[in-house]
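Please open the model in your viewer and keep the selection panel handy. We will go from one selection to the next, with a short note on what is there at each stop.

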Amino acid sequence: MMAVYDDMNEKTKEKIQKSFLQLLQEKNFIKVSVQDIAKASGINRGTFYLHYLEKYDLLDQMEENLLAGLEVQLERLQPDRLLLEAEKGNISMHAVEVFRYIQLNAETFKVFLGGNNRVGFHKRLKQFFVEHFLEKMIRNELFFNSTTVPQDYLSSFATSAFLGLIEQWLDNDLAETPTQMAEMYIQIIFFIKNL
C-alpha cells in the first residue's frame, strides 16, 4: 500500500514540475503564482503545499535534482584521462555522457537558463562546473602548467566558455549530437591551451 502512495506522490510531483516548466516558458518566475502552478497541474493549492513550501522551494528542488544528476556524470569524467585521450585523438565516452545528460534534460536546462527564470541558476551552474570539474582540470600539470594566469580567472574563463557552448547548443535546438559536442569542447580546450 505504501508503494502505491509513494508512486502517486511521485506522479503528482512530476505533474507539478512539468506544469511549472511550461509556465516558465510563458512568463517570468516572479509572475508565476502557486495558484497558477496548481491550476496548470490539475491539483488544489493544498496538494501543492504537501510537496513544496512555496514556488522557491519547488524551483530549488528542481535545480538541485538537475545538478545532482549532472554531478553523477561529471564525477566519472576524470580530467587526466580526458586530456590524455584527447591528445591521442579519442573522445572520452564520459564526456559524451555529460552532453547526453544535458540533451535528455534540455527542456529544463533551457527554461532554467532562459530569461523567465531567476538569474541565480546561471551563476549556480557556473559555480557547479568550477567545483566539480574545471578546478580539477586547471590543477592538472599536464595541461595548464605553463600559464601565469591566476587559477580563479582561468577557471572563470573556462567555465564561461563551457556554459556558452551549452547555451548555444540549446539555442540551436540540439542540432549536434552529444558526441559532436564533446569533440567541440575538447577542441576548444586545446585551442585555449595553445593560446
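The tour below starts with the whole chain and then moves to a core, a helix pair, a short helix and two single residues.

**The whole chain**

Bear in mind that this is a predicted model. Colour by secondary structure to begin: the protein has eleven helices and zero strands. Reading from the N terminus, the order of elements is α-α-α-α-α-α-α-α-α-α-α. The protein has 195 residues, and 41% of them count as buried. Among contacts with a separation of 6 or more, 69% are between residues 24 or more positions apart.

**The nonpolar core**

Next, select Phe-20, Leu-70, Phe-99, Phe-109, Phe-112, Leu-125 and Phe-129 and show their side chains. The largest nonpolar core has 48 residues, and these seven touch the most other members. Elements giving two or more residues to this core include H1 (2-26), H4 (55-76), H7 (106-113) and H11 (178-193). Which helix gives the largest share? That is H4, with seven residues. As general background, nonpolar side chains in soluble globular proteins tend to be buried together.

**H4 against H6**

Keep H4 selected and add H6 (93-104). The axes of H4 and H6 are 8 Å apart, and the packing angle is about 165°. Angles over 145 degrees count as roughly antiparallel, and H4 and H6 are therefore roughly antiparallel to each other. The crossing of H4 past H6 is right-handed. To see where the two helices meet, show Asn-65, Leu-66, Gly-69, Leu-70, Gln-73, Leu-74 and Arg-76 on the H4 side, with His-94, Glu-97, Val-98, Tyr-101 and Ile-102 on the H6 side.

**H7 and Phe-109**

Now move on to H7. Is H7 largely enclosed or largely open? It is largely enclosed by the rest of the structure, because six of its eight residues are buried. To highlight the buried ones, pick Ala-106, Thr-108, Phe-109, Val-111, Phe-112 and Leu-113.

Centre the view on Phe-109 and list its contacts. Leaving out residues up to four places away in sequence, Phe-109 touches Leu-66, Leu-70, Tyr-101, Ile-102, Phe-121, Leu-125 and Leu-170. Leu-66, Leu-70, Tyr-101 and Ile-102 will be familiar from the H4 and H6 stop.

**Asn-117**

From H7, follow the chain into the loop between H7 and H8, where you will find Asn-117. Is Asn-117 buried or exposed? Its relative accessibility is 6%, so Asn-117 counts as buried. Draw a distance from its side chain to Phe-112: a polar atom of the Asn-117 side chain lies 3.1 Å from the backbone oxygen of Phe-112. Beyond four places in sequence, Asn-117 is in contact with Leu-24, Phe-29, Leu-59, Glu-63, Val-111 and Phe-112. Add Gln-25 too: its C-alpha is 8.9 Å from that of Asn-117, with their positions 92 residues apart in sequence.

**Gln-17**

For the last stop, go to helix H1 and select Gln-17. Not counting residues up to four places away in sequence, Gln-17 touches Tyr-52, Leu-58 and Met-62. Finish with Ser-41, 24 residues from Gln-17 along the chain, where the C-alpha separation is 8.5 Å.

Terms used. Residues numbered from 1 in each chain as written. Predicted model: local features only at pLDDT ≥ 70, side-chain atom pairs only at ≥ 80, totals over all residues. Heavy atoms only, no water. Core = buried A, V, L, I, M, F, W, Y, C linked by side-chain atoms within 4.5 Å. Buried < 20%, exposed > 50% of the residue type's maximum accessible area, 1.4 Å probe, protein only. Helix = DSSP H or I, 4+ residues; strand = E, 2+ residues; numbered from the N terminus. Contact = heavy atoms within 4.5 Å. Polar contact = N/O pair within 3.5 Å; in protein donor to acceptor, adjacent residues only side chain to side chain. Axes fitted to C-alpha atoms, helices over the stretch in contact; angles between N-to-C directions. Parallel < 35°, antiparallel > 145°, perpendicular 65-115°, else oblique. Left-handed = near helix turned anticlockwise from the far one by under 90°.
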